[in-house]
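Visitor: I would like to go through the labels attached to this model and hear what each one rests on. Please show it to me.

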Amino acid sequence: MSADPIRNIVVVGGGTAGWMAAAALSRIQGNGISKIILVESDEIGIVGVGEATIPPIKTFNAMLGIDENDFIASTQGSFKLGIEFVGWSRDGEKYLHPFGAYGSDIEGIKFHQLWMKMRKAGMPHPIANFNLSTVAAQHNRFTKPDANRASVLSQLDNAYHFDAELYAKFLRKYAEHRGVTRQEGKITRVDQNAENGFINAVVLESGDVIEGDLFIDCSGFIGLLIEQTLKTGYEDWCHYLPCDRALAVPSERTEPLLPYTRSTAQSAGWQWRIPLQHRTGNGYVYCSDFISEDEASASLLAGLDGKALSDPRPLKFTTGRRKKAWNKNVIALGLASGFMEPLESTSIHLVQAGISKLLALFPDKSFNAHERDEYNRLTAIQWAQIRDFLILHYKLNNRIGQPFWERCAAMDIPESLQRKLDLFGGNGRLFRYEDELFSDASWTAVMMGQGLMPNAYDPLADTVDSAQVAHMLGRMAEVFDKTARQMPMHAEYIAQNCQGTLM
Amino acid sequence: MPLDIVIVGSGIAPWMAASALARMARGGVGTMTVLETGGVDDSLGIPCAIETSLPTTPAFLKAIGIDEDAAIKASNGSFTLGIAMGNWTTNPAPAFHPFGETGASLGPIAFHQLAARLRAGGQNVNLANYSVAALCAQSGRFARPPANESSVLSTMEYGLHLESTGYAAFLKQDAQERGAITIKDDIGTAEFDCGLITALVTRSGERIKGDLFIDCSGPAANLISQMADSLFEDWSNILPCNSALSLSMSDDNPLPYTRVDAHSVGWQRLASVQGALNEQFIYQAGNLPDRQTDDAPYTFASGRQIKPWIGNCIAIGGAAAVIDPVASTQLTLTESAISRLISLLPHDRACRIEAAEYNRQTNDQLDCAFDIACLHYVRNGTAMPDRIAHRIAVYESCGRVVLHDGEIFETASWVSLFDALGITPRRYDPLADGIPQSRIEDHLSQIRSVMIQTVGSCPPIKDYINMCCDARSLENAA
């Protein structure tokens, strides 16, 4: 494949990120030259209670050839149709940010423009009625989307909730089965090349030396290689996303089993709720300037809808990203590469995206600087786009009288986000970047959900026939409602297809 | 409130803008006046008797609801399946950049990465052998791809060759039928209020009031250059060609592709329409090789307006940017500019937000068009700007195509272009090693045999034209 191929790939850390990387990279061993070793310490715990994901995870699983039912059963998982935001615009209000599109465009005119026009003309349906995932979620129902575009079920889209620890175990089994070597042990020293600073090896407490050409740093917040060793530097985004603590606690499962994540605004942050088969994952993400740990803990426990199964576990973080995700011969994935709160369930996606970029720009021993630069360029763009989407939720809040929220509403925001708000607020215009993760539907859901309604619809919407559009929309709402009511209940679907198993 | 629109210029760009706005923006447009200034049609940038397009042109016509056959008939048009590139490397055989897809991926591994693996093993793989468009071009056949995705023919795309005068007249008639008012005169002066244009006064003294002014006056940029903030960015140090000559001769055997051959001082293009073949020479002044002509060459400098939309004035086509048309991007840039204007059509004259977004998107696309043009001069020893140097370096290193916002070429086109210019990757996708070589070989030969079978069922291009868009049918009808 190359004059000088990578021989040894060392993955440092065995959490979700580490095992995702090992599982995906195991395919590279097909060249008969490269070998993958994953180093993890049984002493060091992994972060993660319940994880929520977004639809591209299906692509990752498909790449690995993972069977969906097997995967859900093995991770006590459930299905996710979107995220419900409760109280984010103000107390008592809620909206769903669903997966899948709203309606469909007509003659190049975007659906939300048509909806605004018809709404102005007196049509009663809220925009939520035109997203099948939302309608299904309202009934706590779920079924598999259909790839056939002629089927109404092709309008549905989903992701998953699962137990992160079980997911890591599941991927470990997959990776080990495909020849990845797991090395237990705590890293006590890192050896660098004296001339260029590249990592030569990691040395374990036992004295074992693990040499490598390429190192994947999945060591978590501390960034053992990327930061402790290479001093790469960190770009701090606290100004925009001021939450810096989280408390996580599992609770007993409740019925009905919801097919969506819930995010509820609290006085100094927000509380997540992730429904799994064997329990519910909960957590309070907050800003320590505005609330103490004890108060946050009390608020979290008071906000549970089932009995707590342990004491809340605290986490500290600084929102931001490593200045270079790829530095010398180290690529950081997961928490080692940076942190953004799980408001839009993007953590696992960023790991997945990092892995696919690495595969697309896979180096050889010469470590061409242009590959590294391209990886870092694409990573920086992606992180900034997600950051903007998260800031949007905070910026457009209307929680008057709560100091944390008032500060968020008053903050200055990146120019890239301001432009999006101006264009949408004017005539509902949306322009998606190349490769942008969040679609027009996502931006529409959150901007409208947070209370930003465009001043007017696009004049282009006046070129289509109103009566025809009104008829089409009425029919669509009817079909979506009927289709959703015919789906099995979420819990029923799981019991029939992917009931959890003990590993 | 609907806006009154004034368009300045003559030729393809102003009439394309008028026709598209009249068709697509009925709710947002009040009156539409075109101040037709006359003269050579350099409204797209560099004038040529025949415009060659990328696959964007059929897509644009469809989007605005114009019947493609009618446009072809009116402009003696023909079809192009790609760009044959001769003399760009030491390889004597021309390379082919086909439109549409090339090959098919195997699982997650892109086709060009599979080909690269076979090449690394010493095999000579010609990418164009696995493209329907290239195979059709090679055998002189053509049929429009069906919408049905199950046919391999649907993987191909095509552009058009159009006679400029006929195409401009066709668009003009369409716009006039939809209410566009024509005034034939020259621009005299523009009247301003608070930095916005309120009216144009023509040379003969007629006053044309409006809310939005579209400058389609070509490289002269008559209107945008009067705006306080206007600034031209000169690219002629990197894109050195500055002269153009175009010659047409009668010819009755249309080639279903565009041919672009490199010369020591520029390049030469051959393009067929119905009944004629056109040669265009683009070169650095004073250096036209072995050919004499009585016509004076058209001279130009590549570059762009940094802000194509200032206040209530929007420059479109050659008034916004002039880019060496080696990659047939002229029509694409004007079509996208018009679509972009429609998608951002403002409600009133004070349209700061729309203008900023328009300029951002336009510059993204022009950056990409600039990169494509630059790449053609890589072998001249011209120092490449950083961005294109990075594209080349990443591709050379691992076969990965760098993509930016506003890209005109998809991955497959970049790969074809790199390949045609002799830029090849040193390595390929490591995942390709996980597949047995015989399986890749079977995959390729299967693709090829299906394609050859399908291409054989397409008619010769001349028969196809006679069947659905013969220009003579217009004369007969008239």
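Visitor: How many residue pairs are in polar contact between chain B and chain A?

Guide: This is a predicted model. The count between chain B and chain A is 14 residue pairs in polar contact, both residues being at pLDDT 80 or more. On the side of chain B that touches chain A, α7 (330-343), α8 (352-375) and α9 (386-398) of chain B each give two or more residues. That side divides into 15 nonpolar, 10 polar and 12 charged residues.

Visitor: What makes Asp364(A) and Arg427(B) a salt bridge?

Guide: Their closest N and O atoms are 3.3 Å apart. The cut-off is 4 Å between a side-chain nitrogen of Lys or Arg and a carboxyl oxygen of Asp or Glu, so the pair qualifies. Across the interface of chain B and chain A, the rule finds 5 salt bridges.

Visitor: How much area do chain B and chain A bury between them, and which three residues of chain B supply more of it than any other three?

Guide: The two chains bury about 3300 Å², with 56% of it on carbon and sulfur atoms. Of the area that chain B buries against chain A, 19% comes from Arg427(B), Pro430(B) and Leu431(B), more than from any other three residues.

Visitor: Why is Asp185(B) said to have no salt bridge?

Guide: The nearest side chain of opposite charge, Arg203(B), is 6.1 Å away. A salt bridge has to fall within 4 Å, so this pair does not count. Asp185(B) is nevertheless buried.

Visitor: Which side chains make polar contacts with the side chain of Asp185(B)?

Guide: One is Thr202(B), at 2.8 Å, and another is Ser204(B), at 2.2 Å. Both distances lie within the 3.5 Å limit for a polar contact. Asp185(B) itself is in the loop between β8 (181-184) and β9 (187-193) of chain B.

Visitor: Why is Asn140(A) called buried, and Lys328(A) partly exposed?

Guide: Asn140(A) has a relative accessible area of 14%. Buried means under 20%, so the label applies to Asn140(A). Lys328(A) is at 28%, and partly exposed covers what lies between 20% and 50%, so Lys328(A) takes that label.

Visitor: What is the phi of Asn140(A), and of Lys328(A)?

Guide: Phi is near 55° for Asn140(A) and about 50° for Lys328(A). Most residues other than glycine have a negative phi.

Visitor: What is omega for the peptide bond from Glu255(A) to Pro256(A)?

Guide: Omega is near -10°, and the bond is cis. Pro256(A) is in the loop between β14 (245-251) and β15 (261-266) of chain A.

How values were computed
Residues are numbered from 1 along each chain as its sequence is written. Chains are lettered from A and ligands numbered from 1 in the order in which they are written. This is a predicted model: local features need pLDDT of at least 70, side-chain atom pairs count only at pLDDT 80 or more; totals for chains, interfaces and linings use all residues. Side-chain values use heavy atoms; hydrogens and water are left out. Helices (H or I, at least four residues) and strands (E, at least two) are DSSP runs, numbered from the N terminus. Buried means under 20% relative accessible area, exposed over 50%, partly exposed in between (1.4 Å probe, protein chains only). Lys and Arg count as positive and Asp and Glu as negative; His and the chain ends are not counted. A polar contact is a pair of N or O atoms within 3.5 Å; within protein, one must be able to donate a hydrogen and the other to accept it, and residues adjacent in sequence count only if both atoms are side-chain atoms. Buried area is the accessible area (1.4 Å probe) that two parts lose on being put together, summed over both. Ala, Val, Leu, Ile, Met, Phe, Trp, Tyr, Cys and Pro count as nonpolar, Asp, Glu, Lys and Arg as charged, and the others, Gly among them, as polar.
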